[in-house]
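Here are a few short exercises to work through with the model open beside you. Try each task before reading its solution.

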Amino acid sequence: MGNNAMDGAKKMIGVAVAAPVKFVMGLPDAPLRLWQRLTGINGMAVFFLAPNMIVFGVFVLLPLFINVAYSMTGGAALFLDNRVFVGAEQYERLLSCENFADPNSCVEDGFWIAARNTLFFVIIQVSAMIAVSLITALILNRAIRGRSFWRSVFFFPVLLSPVVVGLIWKWILQRQGLLNYLLFQFGIEQQVWLIDRFWAFAAAILVSMWAHMGFYTLILLAGLQAIPRDLYEAAEMDGTGPNRTFWRITLPLLGPNLLVVIVLALIRAVQIFDEVYVLTGGGPGTATMYLTQYIYEVGFASALRNPGLASAASILMGGVLVILTLLQLLAGRRGEKKAERE
Amino acid sequence: MTKAKTLLATLAFGLLATTTALAGEVRIMWYSDGVEGEVLQDLMDRFMVDNPDIDVIIDNVSYSTVREQLPVQLEAGSGPDIARVTDLKAQSEHWLDLTPYVEDADYWRDNFGDQADWMRPDGSDAITGFMTQITLTGGYANKTLFDQAGIEIPGPEATWDEWMEIVQQVATSQQVPFPAAMDRSGHRISGPNISFGANYVGADGLPAPIDDGVKAMVSRFVEWNAQGIMNPEVWVSASGTTYRAAADDFINGQLVYYYSGNWQISNLSTKIGDTFDWVATGSPCGTAACSGMPGGAGLVAVKYTKNPEDVGKVMDYLASAEVVKEFSERTLFIPAHRGVIAQGLQFQSDDPQVNAALSGFVAASASTDPNALFLPGWKWAGTYYGALVSRTSQVIAGELTLEEAYERMDADIAAKVAEISR
């Protein structure tokens, strides 16, 4: 009897709590039904996508259109309506080159120096980043001692602000920094790491890899853990060696994750700015000046600033990124189809 | 019910209080080379006690923020109410004419009139602000190193070539990493350029092409960097027009000679203390003059302020003779206020090197070339400085030859003039 009373009370409380929730949840019901009746099932998709599309439109598409508009203007004013329409003049300025392989022959040499630096940076940094991230993920996927600790260690730099990353490494690499101190202690010749063109470039790659590889390692690790264990067991029973297992099982099945990592790493490398800007300031000379820094300086920081030119440069950079991403996605789909056929 | 009423009343009062504070709020964008930020805060705290209806907020920012972000804010029609700025002329269209808001416009004209043109559009008679300090570029020598090396510090007639030869001897003798350094700045190298006969201004008032005076100094400067006489890290360590000071190297005893300006006096005195002796040496001579570059930082009112009356009160207070005197004596800055200069100043420092350095700069100001005196009020000075610093750095880094750099400087300046003149 006592239990029944208890159950009844619980039910009453449940109803009392659920009623307002049910009421609130039911509020959009009527207008949504009306919307569906008027627009059909596709209208519902539009309704649910609208918030996302509005955010995307306001924060991505609108700035993109404004940027395109800016790239066709000139003059000193900042507001678009006060600026002079110059058509494709800024693009012409950027693309005026006698020899594209020699930035000094270009009217806007800074743009081409930055483009060349970015190209080298992307090729080397992305390749190295993916190789190191993959090796790290493979190691962390094994049953090693302190696995969770090592995973945290590799992921920790991802949590740091790029400015902090840049400053930490600057303190290590500057003339009177930690690294030179250690070299001195061991009687090894000191280097002016950030003033030498080669070492500054190498430092930019090393620091950006250190800062970001944890993220890519994590994606690859997730991919590795999703590969069914029985495939490895079957391969082992067939006497397949570790190399063949890696090339024939691990790598193909890691393909989708690897594609994501390549696309993300590539986009991030093309956009490299903050940590390298803090670390080297684009120097020595212009050895580590990349496209984003060029755009920032031309648009905002330099005494010779030109917002129209900076906008045009950012549109060109965006175009290259879109092409690269599409090419990779295309390659990824071909790979998938090929795998399906096999 | 009573509780709800109390809550609502508190909320309403809070909102009212917030609105009142905003109405009397004056924001100052301020950068510091030494202790001037602390001195300003102290002065403004006193001002707010006497003017409780005005809330002055000082936004202490880096110099690069003033150089890089303020122009963008101004172009967008926003920004602080008052700002401490060095690029005064090029941005003069954004400054507020304080004439209707200050108590006595004639006081301003009488005491700050000499530099008024530096911070207002050509042909205007507006009162837009005042110079918080008058600066002059010049050199500092590490006297202890000279003494230890048994070498005499060169006199005021010594040339750049002689200076570089002597500081190299001192550096070698004392095993100092670098004999000399100059701040990475187009303004800093302009005094030496003018000393070699450079003239930046064309007959039409627009920038003139790079001339032999610029070439004479820039080619020397590049050579000194290549030889390691000048510390190449300063100019090579960044791209574009980024500012880099070499003060820390001098403070750490890593330099024999440092070319900067009188605004460093307080910084050097505070940080060097009695570690070593240092002296201000004026500007070495070129073939045409022994000139530094005048300039300074001005405090200007921004025309987009919502509280021009309150801004006027703050500016009146900061420009008053007593405040200018106290500010200058505590910060060790040379004031622009005619009356205060006439009265004389007692700089507050126990460091005997400070007064000697200040006297050294006052003496050096007598040899400032007329071409140098013209530049702070010239609209295109910043453009010229930008081209100088970015292209000279590229030559030092081995990316351009000198001839290519001169061509690029002319092209950069021409492009900027064309862009602005659209």
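How many aromatic pairs does a search of the whole structure find over all chains?

**Solution.** This is a predicted model, and the search gives 37 aromatic pairs over all chains.

**Exercise 1.** Classify the ring pair of Tyr31(B) and Tyr63(B), then place both partners.

**Solution.**
- Step 1: The ring centres are 4.9 Å apart and the planes make an angle of 55°, so the pair is tilted, since edge-to-face needs over 60 degrees and stacked needs under 30.
- Step 2: Tyr31(B) lies in strand β1 (residues 25–31) of chain B and Tyr63(B) in helix α3 (residues 63–68) of chain B; the pair links distant parts of the chain, 32 residues apart.
- Step 3: Tyr31(B) counts as buried because its relative accessibility is 3%, whereas Tyr63(B), at 23%, counts as partly exposed.

**Exercise 2.** Do the same for Phe146(B) and Trp163(B).

**Solution.**
- Step 1: With 6.4 Å centre to centre and 85° between the planes, this pair is edge-to-face.
- Step 2: Helix α6 (residues 143–149) of chain B holds Phe146(B), and helix α7 (residues 160–174) of chain B holds Trp163(B), 17 residues apart.
- Step 3: Phe146(B) is buried at 0% relative accessibility, and Trp163(B) is buried at 1%.

**Exercise 3.** Which residue of chain B forms a salt bridge with Arg175(A), and where do the two partners sit?

**Solution.**
- Step 1: The partner is Asp249(B), with the closest N and O atoms 3.5 Å apart.
- Step 2: This pair crosses between chains: Arg175(A) is in the loop between α6 (162–173) and α7 (178–185) of chain A, and Asp249(B) is in helix α11 (residues 247–251) of chain B.
- Step 3: Buried means under 20% relative accessible area, so Arg175(A) at 19% counts as buried; Asp249(B), at 14%, is buried as well.

**Exercise 4.** Trace the salt bridges of Arg27(B) to Glu25(B) and Asp59(B).

**Solution.**
- Step 1: Arg27(B) and Glu25(B) form a salt bridge with their closest N and O atoms 3.4 Å apart.
- Step 2: Arg27(B) also meets Asp59(B) in a salt bridge, at 3.0 Å from N to O.
- Step 3: The pair with Asp59(B) links strand β2 (residues 55–61) to strand β1 of chain B, across 32 residues.
- Step 4: Arg27(B) is partly exposed at 31% relative accessibility, Asp59(B) is partly exposed at 26%, and Glu25(B) is buried at 16%.

Technical notes: Residues are numbered from 1 along each chain as its sequence is written. Chains are lettered from A and ligands numbered from 1 in the order in which they are written. This is a predicted model: local features need pLDDT of at least 70, side-chain atom pairs count only at pLDDT 80 or more; totals for chains, interfaces and linings use all residues. Side-chain values use heavy atoms; hydrogens and water are left out. Rings of Phe, Tyr and Trp (its six-membered ring) pair if their centres lie within 6.5 Å; planes under 30 degrees apart count as stacked, over 60 as edge-to-face and the rest as tilted. Helices (H or I, at least four residues) and strands (E, at least two) are DSSP runs, numbered from the N terminus. Buried means under 20% relative accessible area, exposed over 50%, partly exposed in between (1.4 Å probe, protein chains only). A salt bridge is a side-chain nitrogen of Lys or Arg within 4 Å of a carboxyl oxygen of Asp or Glu.
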